[in-house]
Every structure is written in structure tokens, then in C-alpha cells.
Amino acid sequence: MFHTISPAVLSRMAYLEAMDRKDRSDGTTLQKRLRQVPPETGRFVALLAASSPSGGFVEIGTSAGYSALWISLACAMRGCKLTTYEILEEKYRLAKETFQEADVARHVELVHGNALQCMSKIKNIAFCFLDAEKEIYEKCYDAIIPRLVKGGILVADNAISHRESLKQVIDKALADDRADALVVPIGKGELVCRRI
Ligand SMILES: C[S@@+](CC[C@H](N)C(=O)[O-])C[C@H]1O[C@@H](n2cnc3c(N)ncnc32)[C@H](O)[C@@H]1O
């Protein structure tokens, strides 16, 4: 997967990494910033997605599509499609541009809207990456866990960087007998849950 990334994907990843770095240093407001994962988290979620069982791939919180590009590597390998949700119009437009420029449209379906309102339509999830506002994590967790197939994986970002605000949902996941879970110290900290 990582040895055969196309020049179009590599080029868009580099463009978004530069944009994200600039956002973080020039005082761009939180809502406008891309707030994307670091490359090592991208690789980690791609590996987990590639190792998940049969079923759909979902992402909650697209931003400009950087983490989705990493997950699209697993989709290309398995011949499946990621459905990724973005609520903000400006980010949705950037993500659309990302998937066109990187030529991954056949592996990524971008949905403009509130992911939580779309969950009832989704079932048989093999892999989900959750990276949105922290206030909705617990609602997302409650919606995703019952929709995971056996062996399906939920990864939630910021489990260490936002440990305090996510304490309730992390504790819930660690005690939940429907899944095996742990927090992995990579990037901003990833809560990884595997459905039993
Ligand atoms: C941290 S950023 C995602 C970064 C992205 N995963 C990446 O690494 O490239 C969070 C994004 O989630 C979006 N978001 C927040 N709440 C949402 C919701 N309920 N449904 C869909 N998107 C949401 C925000 O607009 C924002 O663009």
C-alpha cells in the first residue's frame, strides 16, 4: 500500500500537509483550520482499515480529505469504497477538490451533511475513523458500535490530546463488553475498538 502511492495522491497529500502547517502557524481560526491528522496516524488508520473484515468503510469528519486519502489506499487494495462525512460547506468543497485532484473518486464517496443524521442508513461497518468535534464523540460511539460487523474496527482520534474532554467516552469504550479497546499513543492518541 505505502510503496505504491500514486504521484497524484502524494502530491495532494504534500499540498494539504503544507496548508495544515500554515494554518497552525498563521493564526487561522479553529473553524477554518484543516486540523488534519499527522502522517503517522494516516498510515496507522490505513493499516487498520486494510486489516478489517468485509464491510463498509466510514469516516466522520473529512475536513479537506487528508485522512481519507490514507484510507483510500486500503480501499484501492481491497476494491471497496470509503464514505466520508463533512458538515461544513467550505471543507466539503476542499475535500471534493482533493478527491478529484488525487483521482480517488472511485474509492471515496463524499457526503455533505451531519454524519449523525445519516447513521440510521448505515449498517455492516468494517472500519470507521471518527475525527470530528469532541462533543459528538459519545453519540457517534453509540451509533457506530452496534453497526460494526464482527471484528469491525472503530478508531477515534484525539484520545490523548483531548483526554479530559473525551474521558467519559473512553471509559465507556474500555468497559464496553461489545468490543475490545485500548488507547494507542500514536499521533494525538487513537482509541481503537474492535467489535467482538
Ligand atoms: C479534525 S477535522 C477532520 C480532519 C480529517 N479527519 C483529516 O485528518 O484530514 C474535523 C472535521 O469534522 C467536521 N465535522 C464536525 N462535526 C461533524 C458532523 N456532525 N458531521 C460531519 N462532519 C463533522 C468538521 O467540520 C471538521 O472539518
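**View 1. How the whole chain folds back on itself.** Residues 24 or more positions apart account for 73% of the contacts in the protein with a separation of 6 or more. Keep in mind that this is a predicted model. There are seven helices and seven strands here, and reading along the sequence you meet them in the pattern α-α-β-α-β-α-β-α-β-α-β-α-β-β. The C-alpha trace spans about 40 × 40 × 30 Å along its principal axes. For 196 residues, a compact globule would have a radius of gyration near 16 Å, and the protein's 15 Å agrees with that. Of those 196 residues, 42% count as buried.

**View 2. Who sits around the ligand.** Here we zoom in on the ligand, which has 20 residues surrounding it. Gln36, Gly61, Ser63, Tyr66 and Ser67 are the closest. Which elements supply at least two residues each to this shell? They are helix H3 (66-78), strand S2 (82-86) and helix H5 (115-118). Sort the shell by residue type and you get 10 nonpolar, five polar and five charged residues.

**View 3. Ser63, a loop residue beside the ligand.** Ser63, one of the closest residues to the ligand, lies in the loop between S1 and H3. Most residues other than glycine have a negative phi. Ser63 isn't a glycine, yet its phi is positive, at about 50°. Is Ser63 buried or exposed? It counts as buried, because it has 25 C-beta neighbours inside 10 Å, and 20 or more is enough for that.

**View 4. Glu86 and its company.** Glu86 has its place in strand S2. With 27 C-beta neighbours inside 10 Å, Glu86 counts as buried. Leaving out anything within four places in sequence, the contacts of Glu86 are Thr62, Ser63, Lys91, Tyr92, Ala95, Leu110 and His112; so Ser63 from the previous view turns up again in this list. Also look for Asn114: it is 28 residues away from Glu86 along the chain, but their C-alpha atoms are separated by 6.9 Å.

**View 5. Inside the largest nonpolar core.** In soluble globular proteins, nonpolar side chains tend to be buried together. The largest nonpolar core here has 56 residues, and Ile71, Leu130, Leu154 and Val155 touch the most other members. Helix H3 gives the most to this core, with eight residues. Take Val155 as an example: apart from neighbours within four places in sequence, Val155 is in contact with Val45, Leu48, Phe129, Leu130, Glu190 and Val192.

**View 6. The buried face of helix H6.** Helix H6 covers residues 137-144, and its buried residues are Tyr137, Cys140, Tyr141 and Ile144. Why do they line one face of the helix? Looking down the axis of H6, the buried residues fall within an arc of 100°, so they share one face. The general rule behind such spacing is that an α-helix has 3.6 residues a turn, so residues three or four places apart point the same way. What covers the buried residues of H6 includes strand S1 (56-60), H5, strand S4 (125-130), strand S5 (148-156) and helix H7 (167-175).

**View 7. Asn158, another positive phi.** Asn158 is found in the loop between S5 and H7. Although Asn158 is not a glycine, its phi is positive, at about 70°. Asn158 is buried, with 21 other C-beta atoms within 10 Å.

Note on methods: Residues are numbered from 1 along each chain as its sequence is written. This is a predicted model: local features need pLDDT of at least 70, side-chain atom pairs count only at pLDDT 80 or more; totals for chains, interfaces and linings use all residues. A residue is near a molecule or strand if its C-beta atom, placed from the backbone, lies within 6 Å of it. Helices (H or I, at least four residues) and strands (E, at least two) are DSSP runs, numbered from the N terminus. Ala, Val, Leu, Ile, Met, Phe, Trp, Tyr, Cys and Pro count as nonpolar, Asp, Glu, Lys and Arg as charged, and the others, Gly among them, as polar. A residue is buried if 20 or more other C-beta atoms lie within 10 Å of its own, exposed if 12 or fewer, and partly exposed in between; C-beta atoms are placed from the backbone. The arc is that of the directions from the helix axis to the C-beta atoms. Two residues are in contact if their C-beta atoms, placed from the backbone, lie within 7 Å. A nonpolar core is a set of buried Ala, Val, Leu, Ile, Met, Phe, Trp, Tyr and Cys residues joined through C-beta atoms within 7 Å. The radius of gyration is taken over C-alpha atoms; the globule rule is 2.2 Å times the number of residues to the power 0.38.
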